[in-house]
Amino acid sequence: MRSQPVFLQITSGRGPVECARVVALVLEMILKAAREAGLLVDILEREPGPPEFAGTLRSASIKLGGKTAEAFAVQWTGTLQWISKSPYRKLYKRKNWFIGIQRIQIPEAGFSDEKDLRYDTLRASGPGGQHVNKTESAVRAVHIPTGLWAMASDERSQARNKKLARERLYLKLVNWQADENRRLIRENWDQHNTLERGNPVKVISQPLVRV
């Protein structure tokens, strides 16, 4: 049986710029460790940190694939503590920076269950309103539960356009779900302080190098 992909989000939450730097460094660590473990890894989303601070990320979402993806994710999921002096505030005494690594759920059921998808065929138009051909080769894929849609008219074949529209819709849903998870995580931190600083899953002690 084919193993299911695992999706992780690394986030600084409401933390300062030092936490955003930790997110960027931890992303690099996870990517390297995953590839060394023989896993397939894709970066789905990266939200940059403050524009005046290079090499920082507010959050990042990745997809892990492979037989050991689940076990790998368990090792990283939770709160991570990074111990280092701030590279941005030389006289600042704080040395402990916390970020969260969360599992996120991507609505993959929507792609295998056709009842959640609707395909509309349209007549592809060329420059100046001229029709590329007389058949309805363009396809719009609609995810009914969310209302998100994507369209493809690149190919002359309706079948190929359907596949392309489906893939584009998948990417839209991935980003939409990541946005929803970021919103929920932030709400949880605001209301319940779910970032458990006293029980980190990993502790890293090394300098935070400023880019």
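Visitor: What order do the elements of the protein chain follow from the N terminus on?

Guide: They run β-α-β-β-α-β-β-α-β-β-β-α-β, with four helices and nine strands in the protein chain. Helices (H or I, at least four residues) and strands (E, at least two) are DSSP runs, numbered from the N terminus. This is a predicted model, where local features need pLDDT of at least 70 and side-chain atom pairs count only at pLDDT 80 or more, while totals for chains, interfaces and linings use all residues. Residues are numbered from 1 along each chain as its sequence is written, and side-chain values use heavy atoms, with hydrogens and water left out.

Visitor: Why is Ile10 called buried?

Guide: Buried means under 20% relative accessible area, exposed over 50%, and partly exposed in between (1.4 Å probe, protein chains only). Ile10 has 0% relative accessibility, so Ile10 counts as buried. This residue lies in strand β1 and touches, among others, Val23, Val26, Leu27 and Ile30, not counting residues up to four places away in sequence. Contact here means heavy atoms within 4.5 Å.

Visitor: And Thr11, buried or exposed?

Guide: Thr11 has a relative accessible area of 5%, so Thr11 is buried. Thr11 lies in strand β1 (residues 6–11), and a polar atom of its side chain lies 3.0 Å from the backbone nitrogen of Gly13. For a polar contact, a pair of N or O atoms must be within 3.5 Å; within protein, one must be able to donate a hydrogen and the other to accept it, and residues adjacent in sequence count only if both atoms are side-chain atoms.

Visitor: What makes α1 largely enclosed by the rest of the structure?

Guide: Happily, a count settles that one: 14 of the 20 residues of α1 are buried, so the helix is largely enclosed. Helix α1 (residues 17–36) reaches 29 Å from its first C-alpha to its last, close to the 28 Å expected at 1.5 Å a residue. That expected span is 1.5 Å times one less than the number of residues. Gly38, with a positive phi near 80°, follows α1.

Visitor: Why is the pair of Phe53 and Tyr88 called edge-to-face?

Guide: Rings of Phe, Tyr and Trp (its six-membered ring) pair if their centres lie within 6.5 Å; planes under 30 degrees apart count as stacked, over 60 as edge-to-face and the rest as tilted. By this rule the count comes to three aromatic pairs. Phe53 and Tyr88 are 5.0 Å apart centre to centre with 75° between the planes, making them an edge-to-face pair. Phe53 lies in the loop between β2 (40–48) and β3 (57–65) and Tyr88 in the loop between β4 (78–83) and β5 (96–103), so the pair ties together parts 35 residues apart in sequence.

Visitor: What makes Tyr92 and Trp97 a stacked pair?

Guide: Their centres are 6.1 Å apart and their planes 25° apart, which fits the stacked class. Trp97 is buried, at 0% relative accessible area, whereas Tyr92, at 35%, counts as partly exposed.

Visitor: How do you know that Arg89 lies over the face of Tyr92?

Guide: A charge sits over a ring if NZ of Lys or CZ of Arg is within 6 Å of the ring centre and within 35 degrees of the ring normal. Arg89 lies over the face of Tyr92 at 4.0 Å from the ring centre. Lys172 likewise lies over the face of Trp149, at 5.1 Å from the ring centre.

Visitor: Why does Pro145 count as exposed?

Guide: Pro145 has 53% relative accessibility, so Pro145 counts as exposed. Its place is in the loop between β7 (138–143) and β8 (148–152).
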